[in-house]
Structure formats: structure tokens, C-alpha cells
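The exercises below ask you to read a fold from its coordinates, one element at a time. Please work through each task before turning to its solution.

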Amino acid sequence: MRVVIAGAGSVGRSIARELLGHRHQVTLVDRNPAAMRVASVAEAEWLLADACEPSALAEAGAQDCDVVVAATGDDKVNLVVSLLAKTEFGVPRTVARVNNPKNEWMFDDAWGVDVQVSTPRIMTSLVEEAVSVGDLVRIFRFHQSGASMHEITLPADSPVVGRRVGQVLWPPDTVLAAIIREDRPIAPGADDTLEAGDELLVVVSAFAEDQVTVLQQMLAPAPAPTSPTASGPTAEAP
């Protein structure tokens, strides 16, 4: 597979190393001379140019590549690179880095983006997933389908603990994709019993986002509020 990466900063170089390790061809493009650390990824091809210019993408071989990755630290640049790659060069797949989560809404097919990767959003999800038990956390969203992956670690008092997977009435358009138990992934079958501490990975259709709250209440409902204890002076009997 041939990949052009716009942005030769730490993110772009890291992606390039991983792809080269899997025997793909990689070209790194950056307009900043200080980013030309060729020795750091010597196996890649390097091009000092502005990836927002069609001529630069053409020189990088965008017309013959399989994927263009827009990995700069500037969201505007990443959008322009994605749009050019898709509309001017017909690149089959574009992947764009989102630096500011407020800009996520723009990273769609209207701007030529097939896959958006929001590092702050991913890190937030991973932090929440690491510290939360009983909270349903969205890990990521599949860009093309709009479906999303959610994670929850079952608390001991979950209503589904001790029940078989086949006995659980899952909301429409939701699928239990995997159970992770003591670092071991399990492909869930109807006869598998859910246990406290199980980490469930659930895929929710784009048409079932309203079911996320239902799913949360089903797997780990919030405790019912306790009634305040009446207080005050005790009336004396007549």
C-alpha cells in the first residue's frame, strides 16, 4: 500500500514508522524545513513542500497512492489536504487528524474526509474508560456507518451479572461485540454468563443513539435516591 502523509511532525513520523514496519510505502510531506528530520524515518520518501498545493500532492504521488493522511497540527490544513486528495486526485481513502474537538463536525465527506481521528477525544475516552466502573463510555465512532463503540465495566450490583448473554434483552440495533475478562477477550455466545468486572464492548447503530441511555440503565442503573430521614422535635403525648 502506498501512503502519503501530510505533516512530518511527531505524529506524522510515528504513523510513518508504523506503516513502514508493515512494509508499506510512505511519503512524508511538510513545508517546514525544520521538520525535515530525514534520518528519523530514513526508509520513507521526504518532500519539502506545502501539501495544500495540488502541485505538491502531485509531486508526492497522490494520484497513485491508496491513502492520504492529513496529520498536521492545523485543522484547516488537514481539511484542505483531505479535500484536494479526494476531489483532485481521487484518493480512495483519506484519514484526517482533528486537533480541536470543536472542529469535529467539519471532518466529514463534504470535506473529503473518510476517517477522522481526534486525539483529544480518544484520550478523554481512554481516561474515562480507565477510571469508570458502571459508566457507559463511548470509545469511538465509525465514520462511514455512524455506528459507535461503547464500553462498560459491570459493577457487582449490575442487574445482568449472573445472567446468560442470551437471556439479556438488548436494545434494538445494539450488539454485544466482545467481553473482556481478566485481560482475556471472549467472543460472546448465548450461553456465556456475565460476571462482575466484565468489560463489555457494545456496538450501537447510528439509528439507535437514543438507546444509549436505555443501555446504561439496563447494565448499571443509578441507585435510587434515599428518602431523607425525618428530623425535628418529638411531640409529647397529651
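A polar contact, as the term is used here, is a pair of N or O atoms within 3.5 Å, where within protein one atom must be able to donate a hydrogen and the other to accept it. The model is predicted, and its protein chain has 5 helices and 11 strands.

**Exercise 1. Determine which side-chain atom makes a polar contact at the start of α3, and describe the helix that follows.**

Begin at the start of α3, where a side-chain oxygen of D74 comes to within 2.9 Å of the backbone nitrogen of K76. Next, take the helix itself: α3 covers residues 75-87, a run of 13 residues, and spans 18 Å from its first C-alpha to its last, close to the 18 Å expected at 1.5 Å a residue. Then list its buried residues, which are D75, V77, N78, L79, V81, S82, L84 and A85. Finally, ask what covers them: the cover includes the strands β1 (2-6), β4 (67-70) and β5 (93-98), together with the helix α2 (54-60).

**Exercise 2. Establish whether T72 is buried or exposed, and identify what surrounds T72.**

First locate the residue, which is found in the loop between β4 and α3. The relative accessibility of T72 is 15%, and because buried means under 20%, T72 counts as buried. Then look for polar partners: a polar atom of the T72 side chain lies 3.1 Å from the backbone oxygen of D74. Leaving aside residues up to four places away in sequence, T72 touches A6, G7, V77, N78, R97 and N99.

**Exercise 3. Work out the strand order of the open sheet, and find which strands stand at its edges.**

The open sheet has 6 strands, paired in parallel and arranged in the order β3-β2-β1-β4-β5-β6. The strands β3 (45-48) and β6 (115-118) stand at the edges with a single partner strand each, so one side of each is left without a neighbour in the sheet. Neighbouring strands of this sheet are turned by 15° against each other on average, with direction ignored. For the pair β5 and β6, which run parallel, there are 4 bridges, and R97 stands opposite V117 in β6.

Now add the helices. Helix α1 (residues 10-21) packs on the sheet, where α1 touches β1, β2 (25-30), β3, β4 and β5, and its direction makes about 170° with that of β2. Helix α3 also packs on the sheet, touching β1, β4 and β5, and the direction of α3 makes about 175° with that of β5.

**Exercise 4. Find where R23 and D173 lie, and characterise their backbone and exposure.**

Start with R23, which lies in the loop between α1 and β2 and has a positive phi of about 70° although it is not a glycine. With a relative accessible area of 78%, R23 is exposed. Turn then to D173, placed in the loop between β8 (148-153) and β9 (174-181), whose phi is likewise positive, at about 60°, although D173 is not a glycine. The relative accessible area of D173 is 48%, and D173 is therefore partly exposed.

**Exercise 5. What share of the residues in the protein chain is buried, and how much accessible surface does the chain have?**

Buried residues make up 41% of the 238 residues in the protein chain. Its accessible surface comes to about 13300 Å², and 55% of that belongs to carbon and sulfur atoms. As a last step, consider the contacts with a separation of 6 or more, of which 54% are between residues 24 or more positions apart.

Terms used
Residues numbered from 1 in each chain as written. Predicted model: local features only at pLDDT ≥ 70, side-chain atom pairs only at ≥ 80, totals over all residues. Heavy atoms only, no water. Helix = DSSP H or I, 4+ residues; strand = E, 2+ residues; numbered from the N terminus. Expected span 1.5 Å × (residues − 1). Buried < 20%, exposed > 50% of the residue type's maximum accessible area, 1.4 Å probe, protein only. Contact = heavy atoms within 4.5 Å. Pairing = 2+ DSSP bridges. Axes fitted to C-alpha atoms, helices over the stretch in contact; angles between N-to-C directions. Areas by Shrake-Rupley, 256 points an atom, 1.4 Å probe, with all protein chains shown as cover.
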